[in-house]
Amino acid sequence: MSPKKGILTLSRFMFEQEREFPEATGEFSGLLSDMALAAKVVARSVNKAGLIEVLGFTGDENIFGEEVKKLDIIAFETFIRALDHGGHLCVMASEESDGLIKIPSYHEKGKYVLLFDPLDGSSNIDVNVSIGTIFSMFRRISPDGNDGTLEDCLQPGYKQVGAGYILYGSSTMFVYSTGTGVHGFTFDPSIGEFLLSNEDLKIPERGNMFSMNTGYVNRWSQGIRKYYEYVTTLDAKTKRPYSLRYIGSLVADFHRSLLYGGVFLYPPDAKSPKGKLRLMYEANPLAFLVEQAGGAASDGHTPILQKQPEEIHERTPLYIGSKDEVKLIEEFIQGKR
Ligand code: P6P
């Protein structure tokens with residue numbers, strides 16, 4: 001067991017990363033520390049959800065016409081309050097906000113941009129299924145000092161300087177990368193710290209688990225249906241059939257794929273022609289992580305990180321996980337199998 005495991009805190013780990021990578025500035029660590037603080041506050045609400053009247057719907061709808069959960073709003077406001085005054089950010093964008101989220105005029109504008117989904121999978125809150133926060137960070141491209149712009153936000157995924165997620169599950173985990181590997185930290189509530197639990201995570205190249213909502217099989221394209229037929233066909237030589245694991249909570253399904261190998265799929269279908277998941281604050285950050293861990297992420301034709309975004313809330317098909325599995329899916333989609 002690594003001597004650092006279970007005793008190195010997130011902040012100490014980031015300090016050591018700064019020393020190892022001279023180009024790293026303390027500013028970025030400060031931003032991640034603010035994210036970690038917000039994560040602890042949200043975890044407290046999530047873990048007591050059944051007791052403090054935050055279950056259920058607010059009675060409002062979000063900008064997409066979806067019913068809003070109370071915890072969605074609590075999480076959204078918590079991240080905003082924790083992050084808008086640290087001087088690290090020039091602008092934010094979120095699933096919970098139609099337009100850009102400006103940094104208040106009385107706060108210094110920093111050099112980073114944050115895009116985040118404050119509480120993904122919130123439809124699972126009331127039944128105690130794991131949910132998560134997903135975040136993506138860019139370096140601003142507009143001049144320093146002013147408000148961040150839409151152009152600062154609409155950068156292709158390969159330009160991310162950091163990304164990660166918080167998984168509120170049987171334990172609360174903070175998983176992130178700043179381009180030097182993927183590192184996982186588990187929250188110890190008895191000391192209030194995230195402690196290193198997974199240093200330099202690597203995804204297995206192959207994995208015989210696939211994760212998709214097979215209830216939609218009759219909405220899928222022929223290519224995806226052929227893939228589904230392939231992975232469910234009996235063939236001992238190629239270790240088929242695969243096992244199906246689908247929680248219906250992106251962060252939980254991705255985290256399992258990252259650790260065990262396998263692939264998560266959310267194809268486009270008749271109901272969601274561009275797919276359901278969001279490019280900027282769901283697919284991009286997870287694609288950054290999975291490539292850092294040696295995996296792959298694609299929309300079936302193009303690597304997710306190479307896609308040029310057109311708008312903040314655009315959707316994308318997503319196939320993400322072990323490199324060989326994603327390649328196999330692309331071959332079916334592209335009619336090569
Ligand atoms: P479906 C949760 O609502 C979410 O946004 C993701 O967390 C999850 O992967 C997906 O939708 C589940 O969608 O259509 O299978 O219910």
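Visitor: How many residues of the shell around the ligand are nonpolar, polar and charged?

Guide: This is a predicted model, in which local features need pLDDT of at least 70 and side-chain atom pairs count only at pLDDT 80 or more, while totals for chains, interfaces and linings use all residues. Residues are numbered from 1 along each chain as its sequence is written, and side-chain values use heavy atoms, with hydrogens and water left out. Ala, Val, Leu, Ile, Met, Phe, Trp, Tyr, Cys and Pro count as nonpolar, Asp, Glu, Lys and Arg as charged, and the others, Gly among them, as polar. Under that scheme the shell divides into five nonpolar, five polar and two charged.

Visitor: Where does the ligand lie in relation to the domains?

Guide: An automatic or database assignment divides the chain into domain 1 (3-198) and domain 2 (209-333). The residues around the ligand, with a heavy atom within 4 Å of it, include Asp 120 and Lys 276. Because both domains give residues to this shell, the ligand lies between domain 1 and domain 2.

Visitor: Which residue has a polar side-chain atom 2.5 Å from an oxygen atom of the ligand?

Guide: A polar contact is a pair of N or O atoms within 3.5 Å, and a polar side-chain atom of Asn 213 lies 2.9 Å from a ligand oxygen. The residue with the 2.5 Å distance is Tyr 246.

Visitor: What share of the ligand's accessible area does the protein cover?

Guide: Accessible areas come from the Shrake-Rupley method with a 1.4 Å probe. Of the 390 Å² that the ligand has on its own, the protein covers 83%.

Technical notes. A polar contact is a pair of N or O atoms within 3.5 Å; within protein, one must be able to donate a hydrogen and the other to accept it, and residues adjacent in sequence count only if both atoms are side-chain atoms.
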